[in-house]
Amino acid sequence: MLKSLSGQFALYAAGLFLLVGVGVGSWTLASYQTYGEEVEQRLHRGLAAHMVYDNKQLKQGTIDASILKDAFHTMMLLGPDWEIYALDTTGRLLAYSAPPGKVLRQRISLQPIHSFFAGADFPLYGDDPRSATSQRIFSAAPIENAEGKLTGYLYVIIGGEQWQTLADMLATSRVLQDSWRLMGAALLFGLVLLVLLFVLLTRPLTKLVRRFEHFTQHDFSRRNEPEVRHHRWTPAEVVSLNQGFDVMAGHIEHQLEQIKTTEQLRRELISHVSHDFRTPLASLQGYLETWLLQSAEQRQPQLIEVALKNARQLNLLVEQLFELVRLEGGDIRFNPEPVVVAELAYDVVQRLQLMAEARGVRLRVETDIHQQQALADIGKLERILVNLIDNALRHTPAGGEVTIKIAAANDAIYVAVADNGCGINEAEVPLIFDPHYRASNSVNGEGANTGLGLAIVQQLVALHGSEIAVQSSQQQGSTFGFSLPLAS
């Protein structure tokens, strides 16, 4: 129960209500006491002055403890909660009506008395002679002789020790206890009402939690999920949360479908690669077996050459497959650096020149920016050029031409590999970068491939922050181009 939002809220609310109740109750009692003392002091503001006026000795400025003691006793009969003290001009007690041993201070501060005469705000507290530390409300008046000379002060504690004892007794009265009980009941009722309201407000959140549980328990699918209805009083934040959940759940379902689709494509790729492996393997095995069956005098070197060719084709397929897997898995480091693209292109052409001559195809570089540098990974850029040139050579008949074009284009360098070979069917252009695609533009029986080379090119170009574009027409040739950022 305490782990739920409603339970924790109830616990915190109960603690808060208790704290507020105690604070409000204490503040109310303190305010009531302060208010009562202010009223009491205002009502008895002139009490000391009247006592001085009614007493002959005090009126004449005479302070005699033996004479005043009986007078103070008589005055206290009129007000049992009064405590009367006569002070000299320094605040020392000269006469009082307290029993022996009750007075604990023989001198009190005159500052509150002076503030009383100056009209300070009430309640105003002065020293209590019957206590070493406490203060009480009071009334005071000056005592002057016939010549008007100050001889002392009359200091009257209002609500003295007897009043405080009576107040303490009333603090345990039934009326006050009933008041506390009423306040507690009101706080408890407010707490219960608040918790009920909170439960009602959090009910939509509880339903949302159940949606999450259903979603996770049903393999991240919203199938068979109960219909969600929002009432017009449902908080806008809860509606937004449900909408956010729908968007999130839809995105997760879409990603899961993509994962399933990718898994299916992976299986298809393995199937296609296995098919492509089977042909050169069978050919390799057949030629080797034929060569072994022949006598030493009859063995033909052409058979070994064909077998070697098939072995190289198998090796190329394996390398391309592993490279594509690493690219798609992001397991290849990309280290860009300034590269003179034209020089790299000439190096690649020189490396592939023998292959081009063997096919009867002219291979050349066309550029007017021989020293311009691009920001690229030199190894991966070389791989891109080799794959594109190899692809172009395989689809260009003897007498044709393959050109590497390098040109400036705004803040980039444009690189393209163009041929005048058989071209690509317009409907097949969007498919040629698919590793599962099997080309139909076969030239000399070499078109049956899995498209791994072009898929690798697309991934490597993407690492450079670019996209490869294709322009092709059947029997007119194809152009594969991309851009590289300039080196700063």
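In the predicted model, Tyr-85 stands opposite Tyr-155 of strand 5, a position that belongs to the antiparallel pairing of strand 1 with strand 5 (residues 150–158), which extends over six bridges. Strand 1 (residues 82–87) also runs antiparallel to strand 2 (residues 93–96), to which three bridges join it, and here Ala-86 is found opposite Ala-95. Strands 1 and 2 form a hairpin with five residues between them, and within the turn Gly-91 adopts a positive phi of about 95 degrees.

In a regular strand, side chains alternate between the two faces of the sheet. In strand 1 both faces are covered, with Trp-82, Ile-84 and Ala-86 buried on one side and Glu-83, Tyr-85 and Leu-87 buried on the other, so that six of the six residues of the strand are buried.

A search of the whole structure yields 12 salt bridges. One of them joins the side chains of Arg-42 and Glu-38 at 3.3 Å, N to O; because these residues lie four positions apart in helix 1 (residues 5–43), about one helical turn separates them. Both count as partly exposed, Arg-42 at 43% relative accessible area and Glu-38 at 24%. Glu-382 and Arg-351 meet in a further salt bridge at 2.8 Å, N to O, and this pair links distant parts of the chain, 31 residues apart, namely helix 11 (residues 378–394) and helix 10 (residues 341–359). Glu-382 is partly exposed at 27%, whereas Arg-351 is exposed at 51%.

Lys-380 forms a salt bridge with Asp-377, with the closest N and O atoms 3.3 Å apart; Lys-380 is buried at 14% relative accessible area, and Asp-377 is buried at 7%. Elsewhere, Arg-362, Arg-364, Glu-366 and Glu-401 are joined into one network by salt bridges that share partners.

Methods:
Residues numbered from 1 in each chain as written. Predicted model: local features only at pLDDT ≥ 70, side-chain atom pairs only at ≥ 80, totals over all residues. Heavy atoms only, no water. Buried < 20%, exposed > 50% of the residue type's maximum accessible area, 1.4 Å probe, protein only. Helix = DSSP H or I, 4+ residues; strand = E, 2+ residues; numbered from the N terminus. Pairing = 2+ DSSP bridges. Salt bridge = Lys/Arg side-chain N within 4 Å of Asp/Glu carboxyl O.
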